[in-house]
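Colleague: I would like a close look at a single part of this protein. Please take one helix and walk me through its surroundings.

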Amino acid sequence: MTRVAVLTPDPADPSYAGQWPGVLERLSAALVRAGIVAEPTAWTDHVEDASGLADYPLVLPVIAWGYHRDHARWMQACATWSAAGVPLANPASVLAWNSDKSYLGRLADKGVAIPPTLMSQGITQSQVNAAFDSFGSDQVIVKPTVSGGAWRTLRLSPGQALTDPPVGAAMIQPYLQTIASHGELSLLFFGRVFSHAVLKRPVDGDFRIQVQFGGLYAAVAEPPAAALALARTVLDAIEEPLLYARIDMVPDADGRWLLMEAELIEPDFYLGTAPAGGDAFAAAVQSKLAAG
């Protein structure tokens with residue numbers, strides 16, 4: 001059996017203690033069928049010294065949840081892993097730039113369709129007011145550019161005061177009503193090959209689709225061709241080798257698919273809905289190991 005490392009949350013952060021072991025179990029079940037043993041290790045144990053990862057032929061950062069709460073150390077860790085030549089998949093360069101949602105602007109420059117987005121170093125009430133006029137939207141979303149799981153994310157209506165805004169770099173986007181009426185579509189790719197899709201909807205009255213807020217998830221047998229086309233445009237815009245990717249998107253009011261996020265660090269793969277329980281993921285890992 002080949003041993004690989006799986007990076008997991010900071011054990012000092014209890015936020016994910018009830019969730020990540022189940023995700024690890026699903027990943028491990030898929031990998032063990034391919035003769036691969038997944039060994040968990042907290043990413044925070046390897047920030048300044050990568051020697052603890054040196055014996056692994058592959059390191060998967062797929063459950064390194066919570067890095068957004070400790071972003072400076074995350075960036076330090078990425079630099080440490082890069083300098084040490086840690087065999088990460090996805091690469092340390094991707095783990096660094098994908099941790100800040102300002103990458104959406106760079107993907108847009110390469111032809112990827114995204115929602116209208118205002119980036120700012122500190123969001124002000126005047127910027128929110130101007131965004132309503134600029135977007136022509138009934139509601140806007142305000143969130144940090146470094147975030148995860150709807151952390152510090154606000155939904156505001158015209159005239160509503162901006163209270164407890166994100167600190168530092170943040171972004172404003174129109175709230176797309178199709179998130180409630182249609183849902184957010186996640187397309188999963190392993191080795192850049194499409195695997196499966198999941199549709200996620202918020203519960204009535206909420207705007208967050210994450211499971212911790214009651215989000216409703218359903219497998220999609222065949223995603224729309226236009227959604228697959230957008231996902232492939234996103235992947236084509238990324239030059240680094242990708243072992244895995246989750247491309248999250250929403251249609252606008254006219255049915256045009258827009259990229260919400262390209263999740264390339266620690267996305268849930270929803271292996272419970274994947275064909276054969278995620279054998280495509282394990283096959284991609286096998287191929288990566290064989291390639292060295």
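Modeller: Let us take helix α2, bearing in mind that this is a predicted model. What covers its buried residues? The cover includes β1 (2-8) and α3 (92-97).

Now the helix itself. α2 runs over residues 71-84, 14 residues in all. From first C-alpha to last it reaches 20 Å, close to the 20 Å expected at 1.5 Å a residue. The buried residues in α2 are W74, A77, C78, T80 and W81. They sit on the same side of α2, because they cover an arc of only 165° around the axis. An α-helix has 3.6 residues a turn, so residues three or four places apart point the same way. A72 and A83 lie on the other side of α2 and are exposed. Just after the helix comes G85, with a positive phi of about 70°.

Next, the rings. The whole structure holds 11 aromatic pairs. One of them joins W43 and W74: the ring centres are 5.1 Å apart and the planes stand at 85°, so this pair is edge-to-face. It ties together distant parts of the chain, 31 residues apart. W43 belongs to the loop between β2 (36-42) and β3 (59-60), while W74 belongs to α2.

Are these two partners buried or exposed? W74 has 0% relative accessibility, so it counts as buried. W43 has 1%, so it counts as buried too; the cut-off is under 20%.

The ring contacts go further. W43, Y67, W74 and W81 are linked by ring pairs into a cluster. Of these, W74 and W81 are among the buried residues of α2.

Technical notes. Residues numbered from 1 in each chain as written. Predicted model: local features only at pLDDT ≥ 70, side-chain atom pairs only at ≥ 80, totals over all residues. Heavy atoms only, no water. Helix = DSSP H or I, 4+ residues; strand = E, 2+ residues; numbered from the N terminus. Expected span 1.5 Å × (residues − 1). Buried < 20%, exposed > 50% of the residue type's maximum accessible area, 1.4 Å probe, protein only. Arc of directions from axis to C-beta. Contact = heavy atoms within 4.5 Å. Phe/Tyr/Trp six-rings, centres within 6.5 Å; stacked < 30°, edge-to-face > 60°.
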